[in-house]
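Grab a coffee and open the viewer. Here are some short exercises, each with a solution worked through in steps.

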Amino acid sequence: MERVIVAMQDPDMGVKMRNQRLLITVIPHAMTGNDVIEWLIQKYNITEEEARHLGGLLVQYGYIYPLRDPRSLLLRSDDSPYRFQTPYFWTSSRWPASELDYAIYLAKKNIRKQGELVDYEKENYSILHKRINHTWDFVVMQAREQLRASKQRRKADRIVLECQEQAYWLINKPCVNMPLYYHYTTTIQLRYYYYTTIIHRRALGRNRVKSSICLESFMKYSEQYLHHDPIMSGCLPSNPWISDDTAHWTINTDMVGTPTRLRVERWSFSFMELLNDSMGRREFMIYLEKEFSAENLCFWVACEDLRHGESSKIILKVEEVYKNFLAPGAARWVNIDSKTMERTLEGIKRPHRFIMDDAQMHIYFLMKKDSYPRYLKSELYKNMLAKAIVPQETKKSVFPFMRRQRHSSPSPAMVTQATEDDGKAKGAGPTGTSSTTNSQI
Amino acid sequence: MDGVLLSKLKNQIKKDSECKTMLDALNKVTACYRHLVIALGSTSDSQNLREELKKTRKKAQELAVANRNKLTELLKDKTTSKDDRAEYERLWVLFTSSMELLEVDMKRSLEIGQEFPLKVPTRHLIQTGMTGSTTTVAARAMSVQNMKYDADSNIDTADLKELQAEITQVGQMMEEMEMKVQVAPWAVEAKQEAGAELKSTLSVGNSSVGVISICEEDARSCPGDENCCVCIPNGTDSPYSPLL
């Protein structure tokens, strides 16, 4: 629209300008509604109806304002006078009308009209007076100064100024009843404060542990894992990075036949350790099947899959989980308390990634408190521990002058293949017996 | 003893009134600056207007810095009484409101200035009906009798870069102010009640700027008719006159 307006200004091709005569004062740059419509028709080669519509928009958005009957924002196709609005007062979403400015305008009008404001203006005035009361002195000060400044102009210009302002506020006055048009910087400030408050509240609500307590548990953790840390306690048979012997990796693969002792020991440290190790999980599953509570672990695994899986499959997975584990009479029905079950069933109506979290947590704790300790005491576990291997440490090279062969170690991805090769590796012990013996379940 | 107290009081009053005068001045310049920005892009626009904008703006910034320093000094002083502190907070709110208006007007003048360059073969300034010059407004802002114009002819483009830098400066200053000075603006109570502007009292402080005859001419003329689009100074003009 702004381009149209600018095009209208062209001295040769623009809209025909006339003078507005107010008894004594003559103000230039007025035009009739008809002029505008004619010009639009000619310039853009459109029909009269379109031109009227376009012209009407120009008035509604405040680029042109009527000089007669200013409250009626229509473009009349007769000789009603109109004038262009100054760029400062063009409606723009970048510069929304602020309450402060509106208040200043009302104060100015109040002064000019000696208190004779229109009804809705009086209302707005008192609402604003309450709402931005803290800056009301400023409103009064500015109103007075702005009026004094405009007194410096000559009369014709002053009249135009007043018309312009009035036209602007007729269109743009902020809806004072609903706090939509806040003073824009106030909005930014408010938002900033709002979010900072949220952040701080959250921080306040966090659980805090005394450092004496958490340091103790940190100590315990360090002690427990000391022997499992390859840097602190060295790794057996030898550190692949130093000796170029990949035995360490081979014997610690996911589904190796015989796990190392350290690995099996770790399963007893925490339930999560057991679950995170795929072999551990498999062993645990075997145990649960014996106890006829394998559905718990299956459920947990299915929920993990849901949480970490593809978004597109979420709805499908939720349905399956429901069918297999939660529906009454399901094949692998899990025992969840009624409240959680209710909530989950409600949530299933609007499935999302985390809908099973509550139920999953319930089952997790069930397993952790019940099945897990029993597993650790079970024969199955003890056998595993007994069977576990402890690789021998490689003997260091006897010949100090022998140069180590430098070749790139095969990547762990190829370790399963290299299992065969490592039969030749120094002192790698029972690697040869690895993948062939134990049956994979 | 008395002498010391007396001189302290005198000092205090002097500080206060300095503060208020400076705030008045800033307020005046803000109003004038807005007035000038309104004329940008219209047929009142000209080389001179651009120069006036530049000068007024610089003056506003000087005043802003001076005000800020003074007020922060007053607010940082822990020995002020509660009443005094409340008063300083009120002044602070007046100051920040002024700065907010200034900042917005500066940004708008940048935008409009860019849209309406003066040194083009065909100017497309909007014909708003305003044709007079704004030199008296600027003179009022600068507190001089007559404005002197000495800018280069490419001021409309050259000034814009400076303007951009100044806008950033002002923004930074305001952020700094907010962080450093602990004033809760919503806790401030205005001294003026609703409708206070109708009385002829003047500025925020104790300086009187003479009697304002703001719109005495306007007072009687408005026929109270809602359709009257403008309050015309000498009552006899009617806006419903035919166009020539």
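**Exercise 1. The nonpolar core**

Of the 102 residues in the largest nonpolar core, which touch the most other members?

*Solution.* Keep in mind that you're looking at a predicted model. Start with the residues that touch the most other members: from chain A they are Ile5(A), Met8(A), Ile64(A) and Trp136(A), and from chain B, Phe95(B) and Met99(B). Next, see where this core draws its residues from: helix 3 of chain B (residues 82-115) gives the largest share, eleven residues. Finally, look apart from this core and you'll find another one, of 38 residues, including Phe284(A), Tyr287(A), Leu288(A) and Tyr381(A).

**Exercise 2. Chain by chain**

Work out how many helices and strands chain A has, then do the count for chain B.

*Solution.* Take chain A: it has 22 helices and four strands. Of its 441 residues, 45% are buried. Now pick contacts in chain A between residues at least 6 apart in sequence: 63% of them join residues at least 24 apart.

Move on to chain B, with six helices and zero strands. Its pattern along the sequence reads α-α-α-α-α-α. Buried residues account for 49% of the 244 residues in chain B. For contacts in chain B with a separation of 6 or more, 80% come from residues 24 or more positions apart.

**Exercise 3. Two helix pairs in chain B**

Describe how helix 2 of chain B packs with helix 5 of chain B, then do the same for helix 1 and helix 3 of chain B.

*Solution.* Step one: helix 2 (residues 47-76) and helix 5 (residues 155-180) of chain B meet at an angle of about 20°, and their axes lie 11 Å apart. Angles under 35 degrees count as roughly parallel, so that's what to call helix 2 and helix 5 of chain B. Their crossing is left-handed. On the helix 2 side, the contact residues include Arg50(B), Lys54(B) and Arg57(B), while helix 5 of chain B brings in, among others, Asp159(B), Glu162(B) and Glu166(B). Sort this contact by class and you get seven nonpolar, three polar and eleven charged residues.

Step two: helix 1 and helix 3 of chain B also pack at about 20°, with axes 10 Å apart. Helix 1 and helix 3 of chain B are therefore roughly parallel as well, and their crossing is left-handed. By class, this contact has 13 nonpolar, five polar and six charged residues.

**Exercise 4. A short helix**

Explain why helix 4 of chain B counts as largely enclosed by the rest of the structure.

*Solution.* First, count: six of the eight residues of helix 4 (residues 135-142) of chain B are buried, so the helix is largely enclosed. Next, name them: Val137(B), Ala138(B), Ala139(B), Arg140(B), Ala141(B) and Met142(B). Then ask what does the covering: it includes helix 6 (136-151) of chain A, plus helix 1 (2-39) and helix 2 of chain B. One last detail: Ser143(B) follows helix 4 of chain B and has a positive phi, near 55°.

**Exercise 5. A loop residue**

Is Ala327(A) buried or exposed?

*Solution.* Find Ala327(A) in the loop between helix 17 (314-326) and helix 18 (338-348) of chain A. Buried means under 20% relative accessible area. Ala327(A) comes in at 12%, so it's buried. Setting aside neighbours within four places in sequence, Ala327(A) contacts Tyr322(A) and Trp333(A). As for Leu345(A), 18 residues along the chain from Ala327(A), the C-alpha atoms of the two are 9.2 Å apart.

Terms used:
Residues numbered from 1 in each chain as written. Chains lettered and ligands numbered in written order. Predicted model: local features only at pLDDT ≥ 70, side-chain atom pairs only at ≥ 80, totals over all residues. Heavy atoms only, no water. Axes fitted to C-alpha atoms, helices over the stretch in contact; angles between N-to-C directions. Parallel < 35°, antiparallel > 145°, perpendicular 65-115°, else oblique. Left-handed = near helix turned anticlockwise from the far one by under 90°. Contact = heavy atoms within 4.5 Å. Nonpolar A, V, L, I, M, F, W, Y, C, P; charged D, E, K, R; others polar. Core = buried A, V, L, I, M, F, W, Y, C linked by side-chain atoms within 4.5 Å. Buried < 20%, exposed > 50% of the residue type's maximum accessible area, 1.4 Å probe, protein only.
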